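User: I would like to go through the strand pairing and the packing of this model. Please keep the answers short.

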Amino acid sequence: SYGTAGESRPTRVLLKDPPAFTVRPKEEYFQEVGRELVIPCAAHGDPPPTITWVKVGSMGKSSAQVDGNSSLILHPLIKEQHGVWECTATNQVASVTTATSVHVLGTSPHAVTNVSVLPLLLAANISWEPGFDGGYFQRFSVWYTPLVRYPPRAHHDWVSLSVPAGAQHLLVENLQPDTSYQFSVLAQNKLGSGPFSQIVTSVPRGFPVTTVPPEPPAMTVHVFLSPPRALTANETVRGVLLRWDPPARASVALSGYALELRQDKGGWEVLERSIPGTDTQVLVPGLIKDAFYEFRLVAFAGSYISDPSNTVNVSTAGMEVYPSRTQLPELLPQPVLAGVIGGICFLSV
């Protein structure tokens, strides 16, 4: 062009293209735990874009692998990889993102979310949103405990109430006024228990002071329920046989036992919560080879729960009766069942 300064120098213009997806993943994928899942994603642009994958909400590394075609490789697929994954294509011009949902089947349930407590008159209404059920029907239970002058207690010291099938709320009644309560929700399916939800604290409403006469002093009732005793574990060809002695002291009729376990120093989970009070042994099949397990029992008497029994340790290292983790996924056993296969299995003597 021409101006007062004369002809300008030529200008070189480089045109580059932002990334555009040529292959997008489907909206959602369903695959069984332990198997392989390959999710494609590809894009073009100038310069050629870089493809990255990330799991939404993941903390730190997501253990994702990407092949030469920029496809996401999840092998073996694990429960923690359930959720939304994002594929992002980036070059010097721009970044574009697409997302897909991965549903991992054959696992225990995921934690419920958005737990809400509505305080009522000497009661509280608990509601929540279910997490993914792991591919099986799931049921819920509401756990609660009063906070009077004691520090927060572990869940095995809490009172639990079963929720009717299909419901996502429960009315907890007969609460004390002006007393803080903690509430949590637990999901279970045929493979076991999911993690407890976040704990929500609430105070039930009491009667108006001007309309209710003072109540007579309540009688103090002392309830004694000691833990189950002498829990032992013996390896058999059918699984691990646990034996124990009943509580030494119980001022109320014994209702039953709950069996808890944890694997490789992880968190405690409820394995079976309906063992009859007349039983003193239970058979646990389906353990994984080369793993370390811990078991303990608590006793129930009405709404009272004992402290846990002694803990017994079971190592399956070198035990040929249990399938190994290194076998093909279709040959792996189901995880330890929440309802110990077929209910309660006994070893005939």
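User: Over how many bridges do E10 and E11 pair?

Analyst: This is a predicted model. In it, E10 and E11 run antiparallel. Leucine 120 faces alanine 123 of E11 across the pairing. The count of bridges between E10 and E11 is 6.

User: Which residue in the turn of the E10 and E11 hairpin has a positive phi?

Analyst: The hairpin leaves 2 residues between E10 and E11. In that turn, a positive phi of about 55° belongs to leucine 122.

User: How many bridges join strand E11 to E14?

Analyst: E11 covers residues 123-129 and runs antiparallel to E14. Serine 127 stands opposite histidine 169 of E14. Alanine 124 has valine 172 in E14 as its bridge partner. The number of bridges joining E11 to E14 is 4.

User: Which strands stand at the edges of the open sheet, and why is one side of each left without a neighbour?

Analyst: The open sheet has 3 strands in the order E10-E11-E14, with antiparallel pairing. Each edge strand has a single partner strand, so one side of it lacks a neighbour in the sheet. The edge strands are E10 (113-120) and E14 (169-172).

User: What does the twist average from one strand to the next?

Analyst: The sheet in question is the open one, ordered E10-E11-E14. From one strand to the next, its twist averages 15°.

User: Which strand gives the most to the largest nonpolar core?

Analyst: That core has 21 residues. Leu242, Leu259 and Phe295 touch the most other members. Strands E19 (239-245), E20 (256-263), E21 (269-276), E22 (281-284), E23 (292-301) and E25 (312-315) each supply at least two of its residues. The strand that gives the most, with 5 residues, is E23.

User: How many residues does the other core hold, the one with Trp128 among them?

Analyst: This core lies apart from the largest one. Its members include Trp128, Val172, Tyr181 and Val185. Its residue count is 19.

User: Which residues does leucine 259 touch, not counting residues up to four places away in sequence?

Analyst: Leucine 259 touches Glu269, Arg296 and Glu272. Other contacts of leucine 259 are Val270, Leu271, Ile275, Val282 and Val284. The list is completed by Leu297, Leu242 and Phe295.

User: Which residues form one aromatic cluster?

Analyst: The structure holds 7 aromatic pairs. Rings count as a pair if their centres lie within 6.5 Å. One cluster is formed by Tyr144, Tyr181 and Phe183.

Technical notes
Residues numbered from 1 in each chain as written. Predicted model: local features only at pLDDT ≥ 70, side-chain atom pairs only at ≥ 80, totals over all residues. Heavy atoms only, no water. Phe/Tyr/Trp six-rings, centres within 6.5 Å; stacked < 30°, edge-to-face > 60°. Pairing = 2+ DSSP bridges. Axes fitted to C-alpha atoms, helices over the stretch in contact; angles between N-to-C directions. Core = buried A, V, L, I, M, F, W, Y, C linked by side-chain atoms within 4.5 Å. Buried < 20%, exposed > 50% of the residue type's maximum accessible area, 1.4 Å probe, protein only. Contact = heavy atoms within 4.5 Å.
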